[in-house]
There are 2 protein chains.
Amino acid sequence: MSLRYALLGLLAHRSASGYDLMGTFRSSLAHVWPATQSQVYGELTRLTNAGLLTVGEQGPRGRREYAITEAGRAELDGWLTDETARTPQRSTLLLHAFFLGLAEPARARRYLSRQAELADGRMARLRELEGSVDWDGGPLSTHGRLALEYGLRLAAMQRDWATWAATQIAAAPAEA
Amino acid sequence: MSLRYALLGLLAHRSASGYDLMGTFRSSLAHVWPATQSQVYGELTRLTNAGLLTVGEQGPRGRREYAITEAGRAELDGWLTDETARTPQRSTLLLHAFFLGLAEPARARRYLSRQAELADGRMARLRELEGSVDWDGGPLSTHGRLALEYGLRLAAMQRDWATWAATQIAAAPAEA
DNA sequence: CATCACATGTAAAAGGTTACATGATTCT
DNA sequence: AGAATCATGTAACCTTTTACATGTGATG
């Protein structure tokens, strides 16, 4: 149900076509709430049928420009500060950690070191993104910064944890 | 595809029934890789058909005791240190952050403070869990600790971020 | 005129959630 | 005898992923 709010949120800022929105999903929103083209187009149709969006004049290549309705804004507004909405957390990194005792210590340590490196790489890429985004005043600016900072802190946490975990493995040999 | 490895991982430690495994999912594994009963039973059948598990003697109430096969161990072993396996990260907290500029600053700040509180609560519950788990030497012990530490660090990061983000909102009023 | 960017959709399959359905054994 | 626990399964629905399919307009 969250993709719905991602779309409403983007359209609350300015009207756009499915194609436009996909551009945003590819650049910035991919880090926050990934979505595929087939999902976005489908959801736009559903939101229009539900009266939360309207379609404007047909553009050049069958382009459909979507605009948020009053009902759409109300729906979005209700969600914005809804504390109860939580996605079940699933992390393959964590699942690996849970079962890492089944691998030889040296291999497990190598795996964790590699994960630390990868997290470091993610941090670097986010910092690059930070420099390249035009902080122009849309919902992608002031509050995009908050999201970006979250990503940076998450990556840093994962790097530090993986580094620490590798030392723990060294200390305690494999069991099972 | 990860549920598959969660089950193989648990069964690599000791044979168990679907019901037993559900117990583990309810207690410890829920924090790592949540799964429902209907998912677990279905996957066990699929793993058996794929030759990665075998079913032992029928127990009391039609109980089916599953054991991992050599093929199952090989499959698990390949996955254990596979660096490429990554789940797309989706976080409602992050999505909220991204669009928080659309709410009034006071409301947005209240939301973030509440999220900080909630993260703090999660930390407390994990610390409780840490005390109550019997660290007996299974894959849930040494390496369950790693997973638990990850959870603690994640919650701490979220708490600190939400607290920091609230101050950022205070500084910059709403746009859109 | 060819290529690239624009632009929209559908179909099939996999993964996940919720609800329903049923029955056996053990404990009090 | 009744309740709790053990134990398995199915059906419907929603979300997400991957792949296919098609066509238009602008640019060099």
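**View 1. Polar contacts and salt bridges between chain B and chain A.** In this predicted model, 20 residue pairs, both at pLDDT 80 or more, are in polar contact between chain B and chain A, where a polar contact is a pair of N or O atoms within 3.5 Å, one able to donate a hydrogen and the other to accept it, with residues adjacent in sequence counted only if both atoms are side-chain atoms. Between the two chains there are also 4 salt bridges, each a side-chain nitrogen of Lys or Arg within 4 Å of a carboxyl oxygen of Asp or Glu. One of the salt bridges joins the side chains of A:Asp77 and B:Arg107, at 3.1 Å from N to O.

**View 2. Residues that meet.** Chain B and chain A each bring 68 residues to the contact, which is defined by heavy atoms within 4.5 Å. Of the interface residues of chain B, 99% are also interface residues in chain A, so the copies meet through the same surface.

**View 3. The buried area.** About 7000 Å² is buried between chain B and chain A, and carbon and sulfur atoms give 66% of this area; buried area is the accessible area (1.4 Å probe) that two parts lose on being put together, summed over both. B:Arg90, B:Phe98 and B:Tyr150 supply 12% of the area that chain B buries against chain A, more than any other three residues.

**Notes.** Residues are numbered from 1 along each chain as its sequence is written, and chains are lettered from A in the order in which they are written. Local features need pLDDT of at least 70, while totals for chains and interfaces use all residues, and side-chain values use heavy atoms, with hydrogens and water left out.
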